[in-house]
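Got your viewer open and a hand on the mouse? Load the model below and we'll walk through it one selection at a time.

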Amino acid sequence: MGRTRRRRPRGNDDRPNANEEIRASKVRVIHPEDVEKEHEVVPIDRALEIAERYGLDLVEVAPNAKPPVCKVLDFGKYMYKKKKKEKEAKKKQHTVQVKELRFRPNTDDHDLEFKTRHAREFLEGGDKVKATVQFRGRDMLYTDRGKELLHDLAEELEDISEIETKPNMEGRRMIMMLAPSGKGGS
């Protein structure tokens, strides 16, 4: 009932030491059906024998403890469950993206309403919104219209957002950042 022991390749530090990879001279062993038994501190050779008797692996679960804690378990199954948990945790994370809306100083009311609806969807989805007013040629004369347009947008969305960056000029563009506030939403 001997298990084959292999050395692991270098650079794979996300997995714990198992079997002969364990470098401590004495370890605290947790048996597989350890309900009434106390955890025993034994030399590493004895711990490996215990794992061999069960036909399982000796896995270092707490390497920084004194002495290190090792558990007798099926290493492949252990790594599968660990990866599954990590994948599940990653799935539940939401990465905040920045969505950009572009306007011109003479943007029509209907277009502004349409883009405001989009901005509302983005903010409710937890994303930030970067509102940009692009000035071309003689549009530079109407920077006050651009600022007014961005203030109107912020006012429409004030129930679900807050201004992260006030409108400011960057070259021929006026930029304002909105972030979800968490107070409103559907």
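Here is the tour, from the whole chain down to single side chains.

**Before you click**

What you have is a predicted model, so local features need pLDDT of at least 70, side-chain atom pairs count only at pLDDT 80 or more, and totals for chains, interfaces and linings use all residues. Numbering starts from 1 along each chain as its sequence is written, and side-chain values use heavy atoms, with hydrogens and water left out.

**Stop 1: the whole chain**

Switch to cartoon and color by secondary structure. The protein chain has 4 helices and 8 strands; helices (H or I, at least four residues) and strands (E, at least two) are DSSP runs, numbered from the N terminus. Going along the sequence, the pattern reads β-β-α-β-β-α-β-α-β-α-β-β. Of the 186 residues in the protein chain, 33% are buried. Buried means under 20% relative accessible area, exposed means over 50%, and partly exposed is in between (1.4 Å probe, protein chains only).

**Stop 2: H31**

Select H31, in the loop between strand 1 (26-30) and strand 2 (40-43). Buried or exposed? With a relative accessible area of 3%, H31 is buried. Now add E40: its side chain makes a polar contact with the side chain of H31 at 2.7 Å. (A polar contact is a pair of N or O atoms within 3.5 Å; within protein, one must be able to donate a hydrogen and the other to accept it, and residues adjacent in sequence count only if both atoms are side-chain atoms.)

**Stop 3: the salt bridges**

How many salt bridges does the structure hold? There are 4, a salt bridge being a side-chain nitrogen of Lys or Arg within 4 Å of a carboxyl oxygen of Asp or Glu. Pick these pairs from among them:

- R104 and D139: the closest N and O atoms are 2.4 Å apart. R104 sits in the loop between strand 5 (98-103) and helix 3, and D139 in the loop between strand 6 (128-134) and helix 4, so the pair ties together parts 35 residues apart in sequence. D139 is buried at 8% relative accessibility, while R104 is partly exposed at 33%.
- R120 and D159: here the closest N and O atoms are 3.2 Å apart. The pair links distant parts of the chain, 39 residues apart, with R120 in helix 3 and D159 in the loop between helix 4 and strand 7 (161-170).
- E164 and K128: look for a closest N to O distance of 3.0 Å. E164 lies in strand 7 and K128 in strand 6, so this pair joins parts that are 36 residues apart in sequence. E164 is partly exposed at 42%, and so is K128 at 24%.

**Stop 4: the negative patch**

Select D108, D109, D111, E113, D144, E148, D152, E155, E156 and E158, and turn on the surface: together they form a negative surface patch. (Patch residues have over 30% relative accessible area and no salt bridge; like charges are joined within 9 Å, nonpolar side chains (Val, Leu, Ile, Met, Phe, Trp, Tyr) within 5 Å.) Helix 3 (109-124) and helix 4 (143-156) are the elements that give two or more residues. Which one gives the most? That's helix 4, with 5 residues.

Last click: D152, in helix 4 and partly exposed at 36%. Draw a C-alpha to C-alpha distance from D152 to L112: the two are 9.2 Å apart in space and 40 residues apart in sequence.

Technical notes. Areas by Shrake-Rupley, 256 points an atom, 1.4 Å probe, with all protein chains shown as cover. Lys, Arg positive; Asp, Glu negative; His and termini not counted. Charge placed at Lys NZ, Arg CZ, Asp CG, Glu CD.
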